[in-house]
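The following exercises are to be worked with the sequence and the coordinates at hand. Each task is followed by a solution in steps.

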Amino acid sequence: MASDSYIQQWTQRPVKDILAGMVGTFALIPEVIAFSYIAGVSPAVSLFASFVISVSIAIFGGRPGMISGAAGSVALVLAPLVHAHGLQYMLLATLMAGGLQVLFGLLRLHSLMRFVSSEVRTGFVNALAILIFSAQVPQMLGVSWQTHLLILIGLVIIYLLPRISRAIPSPLICIIVLTAITIIHPMPVRTIADLGALPTGLPQFTLPHIPLNMETLAITFPYALAVAAVGLLESLMTASVVDELTDTHGRPQRECTGLGISNIFVGLFGGIAGCGMIGQTVGNLRYGGRGRLSTFTAGAFLLLLMVVLHPWVARVPVAALVAIMIMVSISTFAWGSLKDLFHHPKLTSLVMLVTVGVVVLTHNLAAGVLVGVLLSGLFFAWHTARLVQVRSTEEHDILTYHIQGQIFFASADLMAEAMTYTTHAHRVTLDLSHARFWDITAVQALEKIVEKFRKHGKDVTVCGLDHAQHGILTEQSDEKAFTI
C-alpha cells in the first residue's frame, strides 16, 4: 500500500472501501460512546472527535485502511483531568497533545518504537484492559437489579451471536436489543441521555475558554505529554498490525504528524483526543477496507447516523455500554501472556508485570511504558555485560589479554577487574580484535588499564584497533597512550 500513489490510495477500491467503512462505523459507534463516559465527557464530544479524526487522518495519515477515533487508552489518560478541571482544560490538553505529536513526527521520534520491547507492549495492552474493566466497576455497584440483568443479557448477545452470524457486529445488536427491552418495559436504568447531549449537527469551531497562563500550562502539559505518547504508541502498534495483515508498509512518520494534525483539529472543534483503534481497524480490513476512503467513510457515516438517529441513540441504556466495555477489556487482554509467565525468561516476565503494575497503580499508560522501556534496557545492558570475556595467555615473557565482547559503561569494570598488574611478565599485549568499544566509559577504562600497567614498569601494546570498529578510541583517546 505504501508503494501506491496518494491518489491510488483513495481510488483503487472505492466500492469495497465505502462498504467496509460503513460497516466499520457500526463497530465504532458503541465503543466511542462507551469511551465517552469513561472520560467523563458527553457522547457528543467523543462522536465529534471520531468524525474529525477519521476525516483528517484519511487525508493526512500514513497508514491507509486504519481506523482512528476516540479510543479508550486516551480517554483513560484524560479522565482525571476532566473530573478535576473540566472540559475546557481537556480541549487545551488535546491541542497541546496534537502539537507534540506533530513535533515528534518531524523529529522522527517514531523510531523510538523500536525500543519498546514485546513484553512492554504486552504489559501496555494488559494494563489497558485492566483499566477499562476497572472503569466499569462503579457502573455495576449501587445500581438496580435490572441493570445487572441487562449487562448479563448484553454479554450473552455479544458472545453468542457471532457463533450464529457475523454479518452485523454483535455489539450493535446488543445495543438494539437492550434499548428495545427498556422501551417496551420501562425500568429504572441510566441511559445515554443521562451522560450528556448527542450531536444534532456539524461540530462548531471553538477555542478553550480558560486563562492561558503558567498555572494552566502546568496543569495540562503532563496530561498532553501522556496523551501524545500513549496515542502515538497505540497508533503505531495498530499500524504495525495493518502492515502484518496486508503485507504492506505504511509511513510511520507521516502517521505521527497526521495524528497530531488530526488531534489539533479535534481540539478546535470541541472533541477529545484520539488515536488508532485496533479492533475497528481489524474489522475494517476483514470487510475489505484497504484505502483512505474506508477511513473517511467510517467518520463521515458516523456523523450522519448520529445526526439522523440521535433521538434513538439517547435512549440506549448505559448497561449496554458496560457490557461492550467488558467485552473490549476481555478481548484486549493478552491471555496467552499468563501462560508465557511460566515459559519466558524471568526477566522478560518481570518487565511485563512491572509495566502492568505501574500503569494500574498510577493510571498512567505512558509512565508504565517508560518504566518498562527503562527496565528492558537495564536488563539488556546487564545481560550484555555478562557476555564479556577476558582470556590471558603468557609466552616468551609476554602476557596477552584477549578481550572479547561489548565494552560499555556496564561491562568496563569487568574488563578492568580481569587484569593482573603485578605480573612477572615485562610486556603486556591487549588484543581488542574481538571487542567493541561503545562509549567514553569504556575508553577511559582502557586508558586506566594501560596507565596502571606502565606504572608497574610494563611495556604495553594494544592490537586489533580496527578503525571501523573502534573509531571512538582514535577520536577520544590520546594517541600517545597506545603502542600499536
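## Overall composition

Of the 484 residues in the protein, 52% are buried. The model is a predicted one.

**Exercise 1.** Determine how many helices and strands the protein has, and describe its extent and its contacts.

*Solution.*
Step 1. The secondary structure consists of 19 helices and six strands.
Step 2. The C-alpha trace spans about 100 × 50 × 50 Å along its principal axes.
Step 3. Among contacts with a separation of 6 or more, 84% are made by residues 24 or more positions apart.

## Pockets and cavities

**Exercise 2.** Characterise the largest pocket by its volume, its lining and the elements that supply that lining.

*Solution.*
Step 1. The largest pocket holds about 1200 Å³ of space.
Step 2. Its lining has 41 residues, and those closest to the centre are E31, G279, Q280, M327 and S331.
Step 3. The elements that supply at least two lining residues each include α2 (14-39), α9 (214-246), α11 (278-286) and α13 (318-332).
Step 4. The largest share, seven residues, is contributed by α11.
Step 5. By class, the lining comprises 23 nonpolar, twelve polar and six charged residues.
Step 6. Turning to α11 itself, its buried residues are Q280, T281, G283, N284 and L285. Q280 thus appears both among the buried residues of α11 and among the residues closest to the pocket centre. Just after this helix, G288 adopts a positive phi of about 100°.

**Exercise 3.** Describe the second largest pocket: what is its volume, and which classes of residue line it?

*Solution.*
Step 1. The volume is about 500 Å³.
Step 2. There are 18 lining residues, with L109, L112, V116, A229 and V369 nearest the centre.
Step 3. Both α9 and α16 (365-385) supply at least two residues of this lining, and α9 gives the most, with five.
Step 4. The lining divides into 17 nonpolar residues, one polar residue and no charged residue.

**Exercise 4.** State how many cavities of 30 Å³ or more are found, and describe the lining of the largest cavity.

*Solution.*
Step 1. The count of cavities of 30 Å³ or more is two.
Step 2. The largest cavity has a volume of about 50 Å³.
Step 3. Its lining includes I57, R63, M66, E255, R292 and T295. Two or more lining residues come from each of α3 (43-60) and α12 (292-313).
Step 4. Four nonpolar, four polar and three charged residues make up this lining.

## Buried residues and cores

**Exercise 5.** Decide whether S329 is buried or exposed, and identify its contacts beyond four places in sequence.

*Solution.*
Step 1. S329 belongs to helix α13.
Step 2. The relative accessibility of S329 is 4%. Buried means under 20%, so S329 counts as buried.
Step 3. Leaving aside neighbours within four places in sequence, S329 contacts A129, I132 and F133.

**Exercise 6.** Describe the largest nonpolar core and the contacts of F124.

*Solution.*
Step 1. This core has 105 residues, and L78, M90, F124, I272, M325 and L365 have the most contacts inside it.
Step 2. The element that gives the most to this core is α13, with eleven residues.
Step 3. Not counting residues up to four places away in sequence, F124 touches V230, L233, E234, M237, T355, L365 and V369.
Step 4. Another core, of 24 residues, lies apart from the largest one and has V428, L446, V450 and L465 among its members.

## Strands and backbone angles

**Exercise 7.** Establish how the side chains of β6 are arranged, and how β6 pairs with β5.

*Solution.*
Step 1. In a regular strand the side chains alternate between the two faces of the sheet.
Step 2. In β6 (residues 459-463), V460 and V462 point to one face and are buried, whereas D459, T461 and C463 point to the other and are not buried.
Step 3. β6 pairs with β5 (residues 427-437) in the parallel sense over five bridges. T461 in β6 is the bridge partner of T429.

**Exercise 8.** Where are R108 and D397 located, and what phi values do they take?

*Solution.*
Step 1. R108 lies in the loop between α5 (87-106) and α6, and its phi is near 60°, a positive value in a residue other than glycine.
Step 2. D397 lies in the loop between β3 (389-395) and β4 (398-407). Although D397 is not a glycine, its phi is positive, at about 65°.
Step 3. With a relative accessible area of 36%, D397 is partly exposed.

How values were computed
Residues are numbered from 1 along each chain as its sequence is written. This is a predicted model: local features need pLDDT of at least 70, side-chain atom pairs count only at pLDDT 80 or more; totals for chains, interfaces and linings use all residues. Side-chain values use heavy atoms; hydrogens and water are left out. On a 1 Å grid over the protein atoms alone, a cavity is a set of points where a 1.4 Å probe fits but cannot get out, and a pocket is an open set with protein on both sides within 12 Å along at least five of seven lines; lining residues have an atom within 4 Å of a point. Grid points are joined across faces, edges and corners, and a volume is the space filled by probe spheres set on the points. Helices (H or I, at least four residues) and strands (E, at least two) are DSSP runs, numbered from the N terminus. Ala, Val, Leu, Ile, Met, Phe, Trp, Tyr, Cys and Pro count as nonpolar, Asp, Glu, Lys and Arg as charged, and the others, Gly among them, as polar. Buried means under 20% relative accessible area, exposed over 50%, partly exposed in between (1.4 Å probe, protein chains only). Contact means heavy atoms within 4.5 Å. A nonpolar core is a set of buried Ala, Val, Leu, Ile, Met, Phe, Trp, Tyr and Cys residues joined through side-chain atoms within 4.5 Å. Two strands pair if DSSP finds at least two bridges between them.
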